[in-house]
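Student: Please take one part of this model and go through it closely. I would like a single connected account rather than a list.

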Amino acid sequence: MSGPMTQRAAASQAKQFVHDSIDRLGLPSDVVLSVLSATEEGSGGRDLASLVEQDPVLAGRILRMARSPFFSGTRPVTTVLEAVNRLGARPIRNLVIASELRDRSSEAPDYYAPGGFMTHSLTSGTLCRAVAAESRQFERDLAYLAGLMHDVGELCPVDGLDHTVVGAMISARWRLPDAIRDAIALHHESNVESGTLAGLVCACDFVCRASGVGLREPMAVPTPPATLRVWVDSCKTHLEEAMETARAIG
């Protein structure tokens with residue numbers, strides 16, 4: 001009996017080590033986690049605004065986004081509630097995640113240029129959203145979030161684990177949708193399937209890396225499966241526009 005028990009104890013210790021490593025990266029605050037949960041649960045605008053108002057920094061970011069040219073309307077936004085109603089739950093979720101990534105991006109590997117991790121992440125997210133809109137196969141804001149988060153595991157290296165595995169675990173700890181976790185986990189698989197969110201992320205990441213987006217220099221990366229060729233071509237078409245949008249956001 002000592003053998004199986006020892007194996008279980010070792011597995012438990014390994015799992016705890018990984019969770020401790022992720023926790024050292026820093027979990028979002030309780031307020032941010034509550035906001036993320038509320039955006040997934042379909043909470044009303046007033047409830048979501050009440051949560052946002054508990055974090056002055058987050059409230060300021062959401063107000064700035066609502067007043068930006070991307071979301072400007074005929075009436076000026078003066079309150080958090082007005083900002084929440086103008087933006088909607090999904091853009092708020094994505095803004096919150098982008099802010100959390102930016103706060104941790106100094107942990108990125110050295111092959112990224114200064115500030116490059118966010119450039120790469122924002123461009124990938126914007127590219128995923130553009131291709132999703134063109135193909136009409138995925139909800140655009142979900143595609144954006146998958147592209148934005150796909151390399152989050154690189155901010156928390158764990159010996160013996162690929163960044164896709166760690167990234168999927170971070171996604172779960174941050175209470176993101178299962179579809180995002182799966183896209184992160186599978187986007188580097190050699191047999192990643194077309195018609196999946198992971199396949200879309202794979203195509204976008206390939207084009208961004210091969211073009212050197214956010215990197216000190218372009219990377220030699222494996223060519224995606226031939227079944228993703230249409231998406232790869234679409235990514236190349238939309239790349240310059242996505243980079244411009246990412247620069248405006250960032």
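**Around H120**

Tutor: Setting aside residues up to four places away in sequence, H120 touches Y112, H150, D151, D205, C208, R209, V213 and G214. The model is a predicted one, and the values below are computed from it. H120 sits in helix α7, which spans residues 116-135. Its relative accessible area is 0%, so H120 is buried. The side chain of H120 also has a polar atom 3.2 Å from the backbone oxygen of V213, and V213 is among the residues that H120 touches.

Another of the residues touched by H120 is Y112, and Y112 leads to a group of rings. With a relative accessible area of 3%, Y112 is buried. The rings of Y112 and F117 have centres 5.4 Å apart and planes at 80°; because an angle over 60 degrees counts as edge-to-face, that is how this pair is classed. F117 is buried, as is Y112. On its other side in this account, Y112 pairs with Y111. There are 3 aromatic pairs by the ring-centre rule. The ring centres of Y111 and Y112 are 5.1 Å apart and the planes meet at 35°, so this pair is tilted. Y111 has 34% relative accessibility and therefore counts as partly exposed, whereas Y112 is buried. Y111, Y112 and F117 together form one aromatic cluster.

The contacts of H120 also include D205 and C208, and helix α11 covers residues 197-210. This brings in the nonpolar core. In the largest nonpolar core, which has 74 residues, M149 and L200 touch the most other members. Helix α11 gives the most to this core, with 10 residues. In soluble globular proteins, nonpolar side chains tend to be buried together. Apart from neighbours within four places in sequence, M149 is in contact with I97, L101, W174, L176, I180 and I184. H150, by contrast, appears in the list of residues touched by H120.

A last point concerns another part of the chain. S43 lies in the loop between α2 (30-41) and α3 (45-52). At 28% relative accessibility, S43 is partly exposed, while H120 is buried at 0%. The C-alpha atoms of S43 and A89 are separated by 8.4 Å, with the two residues 46 apart along the chain.

Definitions and conventions: Residues are numbered from 1 along each chain as its sequence is written. This is a predicted model: local features need pLDDT of at least 70, side-chain atom pairs count only at pLDDT 80 or more; totals for chains, interfaces and linings use all residues. Side-chain values use heavy atoms; hydrogens and water are left out. Rings of Phe, Tyr and Trp (its six-membered ring) pair if their centres lie within 6.5 Å; planes under 30 degrees apart count as stacked, over 60 as edge-to-face and the rest as tilted. Buried means under 20% relative accessible area, exposed over 50%, partly exposed in between (1.4 Å probe, protein chains only). Helices (H or I, at least four residues) and strands (E, at least two) are DSSP runs, numbered from the N terminus. A polar contact is a pair of N or O atoms within 3.5 Å; within protein, one must be able to donate a hydrogen and the other to accept it, and residues adjacent in sequence count only if both atoms are side-chain atoms. Contact means heavy atoms within 4.5 Å. A nonpolar core is a set of buried Ala, Val, Leu, Ile, Met, Phe, Trp, Tyr and Cys residues joined through side-chain atoms within 4.5 Å.
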